Amino acid sequence: MTTTPSDGPPAPVPVLVVLPDGQELTARLWARRETPRGWLYEVGLPAYRNTEDGDVQAAEYRVWVRAPEHVRPVDGVSYDAVPTERLRPPSAVREVLGPRRLSGWVLQKARGRRPGPAVLHAVDCTEAPQNAPQLSLERALDVAERPGTRLCSLCGAAQELDPMLRGFDQIEGG
């Protein structure tokens with residue numbers, strides 16, 4: 001995450017908070033945070049609290065609320081100096097490739113009277129057996145080289161492991 005620079009302690013600015021019953025209350029905005037699910041604003045709501053000696057004093061209740069659902073700007077107020085944490089933009093590689101898949105491999109052993117080939121799956125394959133031990137890449141390559149083991153084409157195990165088993169030159173037809 002990146003954070004906006006600040007010169008000294010943060011000074012809150014007014015913001016309108018929409019309460020669950022629809023009322024709008026002027027609160028103090030202390031910070032903003034971008035999350036994968038949207039923006040959160042830390043607001044200080046005015047309240048009262050009882051002291052130990054039985055007196056009543058002004059207080060502030062701080063809470064994170066979703067923006068823009070629960071906050072509105074106050075006309076004429078600048079929010080430029082509010083401490084703001086932004087998510088780092090995804091790398092160009094992540095943008096192109098998308099989210100990383102889980103790493104690891106699972107072996108589906110042959111069953112029955114006439115055992116067929118064992119099948120090696122990526123750990124997130126829908127055809128992979130549940131609760132099977134997860135294999136590291138090195139162990140998966142050892143298992144893949146055994147006679148009677150085939151690589152699942154549904155989850156891409158074949159496309160991912162074949163080049164490592166047969167050499168990368170095979171990919172370009174060399």
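The protein chain has three helices and 11 strands. This is a predicted model. From the N terminus on, the order of elements is β-β-β-β-β-β-β-α-β-β-β-α-β-α. The chain holds 174 residues, and buried residues make up 29% of them. Among contacts with a separation of 6 or more, 48% are between residues 24 or more positions apart.

**Strand pairing around β2**

- Strand β2 covers residues 13-18, and strand β3 covers residues 24-35.
- The two run antiparallel and are joined by six bridges.
- One of the residues of β2 with a partner in β3 is Val15, which is bridged to Ala27.
- The hairpin of β2 and β3 has five residues between the strands.
- In that hairpin, Gly22 takes a positive phi near 95°.
- Strand β2 also pairs with strand β6, residues 71-72.
- This pairing is antiparallel too, with two bridges.
- Here the bridge partner of Leu16 is Arg72, in β6.
- Neighbouring positions of β2 thus appear in both pairings: Val15 is bridged to β3, and Leu16 is bridged to β6.

**Helix α2 and its buried side**

- Helix α2 spans residues 137-144.
- Its buried residues are Ala140, Leu141, Val143 and Ala144.
- These residues lie on the same side of α2, because they cover an arc of only 160° around the axis.
- The buried residues of α2 pack against four strands and a helix: β8 (105-108), β9 (118-122), β10 (134-135), β11 and α3 (157-166).

**Thr149, a residue of β11**

- Where does Thr149 sit? Thr149 is in strand β11, residues 149-151.
- Is Thr149 buried or exposed? Its relative accessible area is 17%, under the 20% cut-off, so Thr149 is buried.
- The side chain of Thr149 reaches the backbone oxygen of Val143 at 3.3 Å.
- Beyond neighbours within four places in sequence, Thr149 is in contact with Leu107, Ala118, Leu120, Val143 and Ala144.
- Val143 and Ala144 are also among the buried residues of α2.

**Aromatic rings and charges**

- How many aromatic pairs does a search of the whole structure find? The search finds zero.
- Two tryptophan rings do have an arginine over them.
- The charged end of Arg33 sits over the ring of Trp64, 4.3 Å from its centre.
- The charged end of Arg62 sits over the ring of Trp30, 3.5 Å from its centre.

How values were computed:
Residues numbered from 1 in each chain as written. Predicted model: local features only at pLDDT ≥ 70, side-chain atom pairs only at ≥ 80, totals over all residues. Heavy atoms only, no water. Buried < 20%, exposed > 50% of the residue type's maximum accessible area, 1.4 Å probe, protein only. Polar contact = N/O pair within 3.5 Å; in protein donor to acceptor, adjacent residues only side chain to side chain. Contact = heavy atoms within 4.5 Å. Arc of directions from axis to C-beta. Pairing = 2+ DSSP bridges. Phe/Tyr/Trp six-rings, centres within 6.5 Å; stacked < 30°, edge-to-face > 60°. Lys NZ or Arg CZ within 6 Å of the ring centre and 35° of its normal.
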